[in-house]
Amino acid sequence: MKKVALLLFTLLNYSLYSQVVSLYSDDFESGENFTYIQTAVNTWRVATCAGNGVSSPGTNALYASKGGSNPGCGTDGIDQYAFSAAPPSTTERMTAYVSVDGKCTNNHAVTFDYKLNPSDGSNRAFVVYSLNGGAFWFVQDTLENAAAWTTITVPLSETTYNQDFLVGVRFEYSNVSGSGDPFAVDNFEVNGIAAKANIPLDTMAVCGQTTIVVTADPYSGGTGNWFLLSGQGTFNNAAANQTGVNNLAIGESVFTWTVTSANCGNSVDTIVIINSLAPSNANVQDTFYACVAEQLNISTSAPMAGIGTWTSPQGATIANPNSPATVVTNVPNGWSQLIWTISSPGCPSKADTMDVFKTGGQSILTADTTICFGTDAELIVTATPTDSLQTVNWLFGMGNGLINELTSDSVEVSGLQTGENHLIYEVTHALCPKESDTLRIYIMPCEDFEPVFPTVITPNGDGKNDLFIIHNLEKVYPKCQMTIFNRHGSIVYESPGYTTPWDGTFKGEKLPMGTYFFKLELNDGSNTIYNGPISIIH
């Protein structure tokens, strides 16, 4: 089998030179292009029943067969390559090969699909090549058995480089049963590396250097030389594929690598060297207060060396990114950045950043919310952070409540009024107009709210039970109607809403001890009414 180290070396060379050329290719779909060395009884065949190679599936393949009434398809006619056994004590060989023009190539390799499933261990297959027209054959690789189609790449000896050669496959047999499928080949390719001038890099950019190293691919089929086409530079060793270059000038210099071969003629490749001055220092205004402006006019000094470019990480639109003075639109609200970068090929870039502030970015981050009344919940409200030039103030535009810190970006709100509350976040900037945002907080009655009614009041002025208090009634049901009767049915107290609880009097006079009766109409849309007694004790 092929050696892994040799294949790896070849693959690395392919990557290095990257000039792979096809020297021969046959998928056996259009006839027999190989030359054969074989016996009269056993022969190579190409027929439609055999080809199913993995790299390029088809119907035909090259295989060993005994021929007969069904040539090429084996005794059962399906993908089998049977043949007659060799005479006793005899080893026979069948060789199929092609002629390759390799005078101007190297790093040769063959790639093909094959099956090798002999009925006897003495039957083997090889990759072979010849350098003298077939008078002597070298064995390059011995193939391992493969019952299913297998793809293989076999690098050829360096002795095939830069000359014509023959290459192919050989099947060697001494005993078979006549019904197996001992050897088949499909999709046979021969590749090489073109022996021509090649510089891996088209362009090399350096920064203010007077000395560099240039490299071309090695060339074994002739001689090579470096030449100065334009610009300035002196080669240390013009005949070496890798050499130093001195006295390199600022600007562009063009060098050529020319290889000359008696068989292949001249071949030339070119490399452009760009030697740049280090870019100028970038320097822009530190901070730009755009405030409410929709269009910004920004500017900086033009670089003495290098090319300047404006960029916006936040996606603002820059009219002319390469102009020191330009117009910027679609600037996002709040803080963003504009970056001025000066670059020269081959040199580290230099950059400076302008911080831009545009109003409209200050907002309350907490979403509008509804709180169930009676839970005594404390709400944490946060807003976008501010800087040292901004002043914060919180206030109520509707409703009321307690704010623990009026000048912070994050506050705690409690004691909110029943109904709708508007909490306003105001930000004043030293250089820009004021901004504001509003949070809506709804304090609504809980679904299970039930008023609690006292049964006794003692209006003696001691501050205890002096009033007929129903907690939170006015807040939850501000449109309620409260009526209180004496035991004769006369009204002694009547109030729309219940902002002032009953104190046990009628027209300013204290009522006598006894039992009275209240009627509370919530006016909640469901005609809810509560009735009950209330006693006065002196």
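## A salt bridge to start from

Let's begin with one pair of side chains: E294 and K358 meet in a salt bridge, with 3.4 Å from N to O. E294 sits in the loop between β19 and β20 (295–298), while K358 belongs to strand β25, so the contact ties together parts that are 64 residues apart in sequence. The two partners differ in their surroundings: E294 is exposed, with a relative accessible area of 54%, whereas K358 is buried, at 5%.

## How far to trust the model

Please keep in mind that this is a predicted model. The average pLDDT of the chain is 86, and 85% of the residues reach at least 70. Residues 1–18 have a pLDDT below 50, and this stretch has 26 contacts in the model beyond near neighbours in sequence.

Another stretch to read with care is residues 74–80, where pLDDT stays under 50. For these residues the model has 21 contacts beyond four places in sequence.

## The four-stranded sheet

Strand β25, the home of K358, is also part of an open sheet of four strands. The order is β19-β25-β24-β21, and the pairing is mixed. At the edges stand β19 (287–291) and β21 (307–311); each has a single partner strand, so one side of each is left without a neighbour in the sheet. On average, neighbouring strands here are turned by 20° against each other, direction ignored.

Inside this sheet, β24 (residues 334–343) and β25 (residues 350–358) run antiparallel and are joined by nine bridges. If you would like a place to look at this pairing, find L338, which stands opposite M354 in β25.

## More salt bridges

The whole structure holds six salt bridges. One of them joins K103 to D164, with the closest N and O atoms 3.5 Å apart. This pair links distant parts of the chain: K103 is in the loop between β5 (92–100) and β6 (105–117), and D164 is in the loop between β9 (146–155) and β10 (165–173), 61 residues apart. K103 is partly exposed, with a relative accessible area of 30%, and D164 is likewise partly exposed, at 39%.

A further salt bridge connects E172 with R124, where the closest N and O atoms are 3.1 Å apart. Here the contact runs from strand β10, which holds E172, to strand β7 (residues 124–130), which holds R124; the two residues are 48 apart in the chain. E172 is buried, with a relative accessible area of 10%, but R124 is partly exposed, at 40%. The story goes on to a third residue: R93, R124 and E172 are linked in a network of salt bridges.

## The three-stranded sheet

There is also an open sheet of three strands, in the order β13-β16-β15, with antiparallel pairing. Its edge strands are β13 (212–215) and β15 (234–235), each of which pairs on one side only.

Within this sheet, β13 pairs with strand β16 (residues 242–246) in the antiparallel sense, over four bridges. To see the pairing up close, go to T215, which stands opposite Q242 in β16.

Terms used
Residues numbered from 1 in each chain as written. Predicted model: local features only at pLDDT ≥ 70, side-chain atom pairs only at ≥ 80, totals over all residues. Heavy atoms only, no water. pLDDT = per-residue confidence, 0-100. Contact = heavy atoms within 4.5 Å. Pairing = 2+ DSSP bridges. Axes fitted to C-alpha atoms, helices over the stretch in contact; angles between N-to-C directions. Salt bridge = Lys/Arg side-chain N within 4 Å of Asp/Glu carboxyl O. Buried < 20%, exposed > 50% of the residue type's maximum accessible area, 1.4 Å probe, protein only.
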